[in-house]
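Open the model in a viewer and keep the sequence panel visible. The stops below say what to select next and what is there.

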Amino acid sequence: MPERSHQWHVVRQWANKLNANTEWLKALDKVFADIGFTDDYIKSAAQSAAGFRTKAIKDSVWGMIELSPAIAMLLDSPILQRLRFVRQLGFSYLTYPNANHSRFEHSLGTYWVVRQLLDSAQRLPELETEGPQRNVNVSAVALEPASRRLVSMAALLHDIGHGPYSHALESLVDDEEGPWHIGPFSAKDFRAEMLEAQLEISAAAAKRKAVSSKSFCELFAAAVIVSPRFKSFYSILPRESNLTTTADEDVISLASLLLGSPIETNAPALANLISGPIDADKLDYMVRDAQACGISISLDLSRVLFRAGFYRLSTPSLHPHASTLDFDDAPVTVFVIEQSGTDALRELALSRLSLYSRVYYHQCTRNAEKLFSTAIKQWAKSLETPPNFLDVWTLGDEELLGHLRRTPNGSPAAHAIWGRKLPKRAVALTQDCYLQRDPPVNSETLAAVKKARKEAVAEADSLMNVWFTGADQTTSWREEMEAEVAKISGLLGLPIPAVISDWHTVPVPKHRDPTTTAVCLSDDRTVQVAEPHLPQFVKSGEFPIARRYLFCGPEYRDLFSISLQMVAFRLQIPFRIKIDTESSDSSREYEGLFRPVIDLDRSNQICKSRRADFESKRIDLAAKGYYNQAPTLLRYDANTARIASLGTTFMYFSGGHDWFVTPDSIRKYIEQFPPHLRNDVVDWLESLVLESWDGFAEKASQGIGQVKDALGAPLCWVVPLSFTSGTQICKALQARFENSDAVHICQDVREALQKASTDDALIFVDDNIASGTQAQVAIQNLMGIPSSREEKSTYAAKLEGQDLTALKERKVGFVFSWGLKQGLSNLEKVALQSGLKTEAKAMTFVNALSTTTTANMSDGLKAHLRMIGRQLVAYGEKKDGVLDSDAAYKKGDERALGYGNAEGCLIGRFGVPSSTYTALFLPGKISLTKDSPWEDKEFDFAWSPLFLRNQKATEAVFS
């Protein structure tokens, strides 16, 4: 006799423990009596057993199915007949009216498929011939009659553990934290019985395949099979004369097969037919379910059957999964398919995927399952004792649903299912339902941002999934959602929903990953794994299935979707961005702040919501200030042509991180402002000036003529005041004064001093002057005078010796393309204190920095810009992550609208003057929360400037 497997002994030990429990047997006998599976029935069946003959049944899928006398008696038994009243597809009939076939039909079909696989396998040894390509380490084997009988019966019995509405009920009963009992056991203890049996059999059981990991229905089916009542019935079934096993052994073997466990050591072949990569269960339910739902799938059963069978491998190592399976060092018998049948494997995987998407996880089905769960829980609360699965197992689908409708006060959820008055989808959420806001930066920085954001999205997605599971810790979230719905209803002048709590969420479904590989034989009879790349393809195809849903009454769909977007946005996930520079071993690290923004347009498209009604509500809410604290939630679609024109105007800007400007980045910048200010923002942006180096040079050339006349020098040497913008302007001026005898352009102040004569003058040029601070530091650095401030763009090395003497002896002038009078006044004082020969008339700027600012800027926009600028400046004053509120905000008040609150309008080609509005060029964090201190991080926002100032690039905070 073959050696029994470890799992077989575990099941036997478990059966002994169960059958020794009198309370369990008493409870089980009661439910057997309820379905008519009594001792009297068995006596009656025994008397008529001799009269049972081969029977044929016409099946709508497979045609005529022949049954042996033993199989016919088994099929007629009450434990299988009760499956006529349990739908195979649960609530799918609410979507597909013809999906009313039962688990009885499916069990019969699974038996037929197993018989076909067995018949095909039985012919293999006869077809095998000796040949040069035959591998002596792999050989086809024929099954013993006892094995054929057992696996046929297991196919017929594999679903007997299912109760009404199958998996929908199973998920409730199988919740170890729930109140459910199975006879005298709690759901947790029922599993523990199997685990204890497993540990008792072997101390090394942890290394074995855990039988206790099977689904509850599989465990219960096995418990029915090993019961004394079923063993008694099995003993009367007709048996072939060549069978040598006993009824005691057979029921343990049947139970093992129902659990997908091998009954012999190193022989997983039989179990694979019931639960494996290509098993009879899948092959029947996929074809049957697709036909009932009117869905076409591609599954060539004849190709699967062709030369499929049982092969013995001389050593376990020949099995491709040997390292992960429980094999001893002995030959292994496995079920394999011909390599030419691997196309069928692909068809199986893809067809199964299609059915999961279109049928098993259809949103209507999941919606009804959630309602069913609610109805069951309401019924359970009305009971004086915990609900018992055995009491429900005896019922059919409609019988249980009718019972739920007749509970005290009637379950609204059960009535909704009965009349198909289901809640509607308000939100559909997947990982592709988050809006992506890429910053306009170079590819190196953008790649780092995307990587960090991807991790933040996954974290946010995980947090939101907790909400949708309905776990206890989500109570506060439900309260927040309902409060938000009430708030929105009040703003819109709608009555607060009386049934505000009548809504539910459905998480991403949990299902076993469909097996996409199977053992197959190549032409030289070596064993290998079929379709190695298919799992990745199937995984990507499962993406549409991985959706969470929020369901509610149809009249409240828009309210709940808007509320969920706002509540989700309040999640705040900080992250860090590290950018390794290619030019050196150093790296830069930046701060990031992620807030999930649900793409309601995408969600509404999936949920088929009425877009016009939805947008109307959002427009009304925007007008009432609902989005003022979270403006990025509301897209700005107005003034498209003007935004495109602005994109053309500013397309040549290049700031820190190679920051650039596009129409999309302009729109996203505008979307950071409250909706009622956005049109004003467009007007304001149109008033700005983007100045090129030629533009700066043109204005500077005009100023040079004025200053030269004021200095009265026959020859003026023009030099840059800063090595950044000043140098660029001098380069642009070179061509303009190339043939001039009165003006020479020189890129270095030392060179100019050495070439100039005593009567020549020196003119410093730069792009702009606002407060004059940068120009003052530049002069002090040249003169060797200590300065209290450091400016990165000024000359660092001081003049010495003859150069310093020459500078003090020459007449000096200053020309700026743009500026403010206050800046020239401050510069004059420092220049005179430094010993330079200059005066006010030798200093000039051509255009005022603020002359083109919108004169009629609304008070609201200016106040908002002041609030943003104040916070950005304060944020930039942090030291070691700590904000000195008083000092930081004082400086923020001084520079909220640009340095000195100058309200400048100038944008340079490669930089932004600090006199320009702070909100245009400075990054950082702000808070739009009303009456909330800066330290309150709950409503922080990463502010993305439109023009990132070069000197402030390292302070960027990415959103």
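Select Ala641 and Thr648 in helix H28 of this predicted model. Both residues are exposed, and they sit on the face of H28 that is turned away from its buried side. Now select residues 640-650, the whole of H28, and pick out Ile643, Leu646, Gly647 and Phe650, which are buried. Look down the axis of H28: the buried residues fall within an arc of 105°, so they line one face of the helix. What do the buried residues of H28 pack against? Add helix H29 (663-670), helix H30 (678-686) and strand S15 (689-691) to the selection; these are the elements they meet.

**A salt-bridge network**

Select Arg437, Asp664, Arg667, Lys668 and Glu671. Salt bridges link these residues in a network. Over the whole structure, the search finds 41 salt bridges; three further pairs are visited later in the tour.

**The five-stranded sheet**

Next, show strands S16 to S20. They form an open sheet in the order S17-S16-S18-S19-S20, and the pairing is parallel. Which strands stand at the edges? They are S17 (743-745) and S20 (843-848); each has a single partner strand, so one side of each is left without a neighbour in the sheet. From one strand to the next, the twist averages 25°.

Within this sheet, select S18 (residues 761-769) and S19 (residues 811-819). Eight bridges pair the two strands in the parallel sense. To find the register, label Ala761, which stands opposite Lys811 in S19. Then add helix H31 (residues 693-711), which packs on the sheet and touches S16 (716-720), S17, S18, S19 and S20. The direction of H31 makes about 150° with that of S19.

**The three-stranded sheet**

Move to strands S8, S9 and S12. Here an open sheet of three strands has the order S8-S12-S9, and the pairing is antiparallel. S8 (424-429) and S9 (504-506) are the edge strands, each pairing on one side only. The average twist from one strand to the next is 25°.

Select S8 together with S12 (residues 548-552): the two run antiparallel and are joined by five bridges. Label Arg425 and its bridge partner in S12, Phe551.

Which helices lie across strands of this sheet? Show helix H22 (residues 443-469), which lies across S8, S9 and S12 and runs at about 40° to S12. Then show helix H26 (residues 600-607), which lies across S8 and S12, at about 135° to S8.

**A buried arginine**

Select helix H17 (residues 342-360) and find Arg352 in it. Is Arg352 buried or exposed? Its relative accessibility is 9%, so Arg352 counts as buried. Show the side chain of Tyr285 as well: the side chain of Arg352 makes a polar contact with it, at 3.2 Å.

**Three salt-bridge pairs**

Start with Lys30 and Asp34, whose side chains meet in a salt bridge (3.6 Å, N to O). The two residues are separated by about one helical turn because they are four residues apart in helix H2 (residues 22-34). Asp34 is partly exposed at 48% relative accessibility, and Lys30 is partly exposed at 48%.

Go on to Lys231 and Asp248, a salt bridge with the closest N and O atoms 3.2 Å apart. This pair links distant parts of the chain: Lys231 lies in helix H12 (residues 228-235) and Asp248 in helix H13 (residues 247-258), 17 residues apart. Lys231 has a relative accessible area of 27% and is partly exposed; Asp248 is also partly exposed, at 43%.

Finish with Glu751 and Lys755. In this salt bridge the closest N and O atoms are 2.8 Å apart. Both residues lie in helix H33 (residues 749-755), four residues apart, which is about one turn of the helix. Color them by accessibility: Lys755 is exposed, with a relative accessible area of 52%, whereas Glu751 is partly exposed, with 34%.

Technical notes:
Residues numbered from 1 in each chain as written. Predicted model: local features only at pLDDT ≥ 70, side-chain atom pairs only at ≥ 80, totals over all residues. Heavy atoms only, no water. Buried < 20%, exposed > 50% of the residue type's maximum accessible area, 1.4 Å probe, protein only. Polar contact = N/O pair within 3.5 Å; in protein donor to acceptor, adjacent residues only side chain to side chain. Pairing = 2+ DSSP bridges. Axes fitted to C-alpha atoms, helices over the stretch in contact; angles between N-to-C directions. Contact = heavy atoms within 4.5 Å. Salt bridge = Lys/Arg side-chain N within 4 Å of Asp/Glu carboxyl O. Arc of directions from axis to C-beta.
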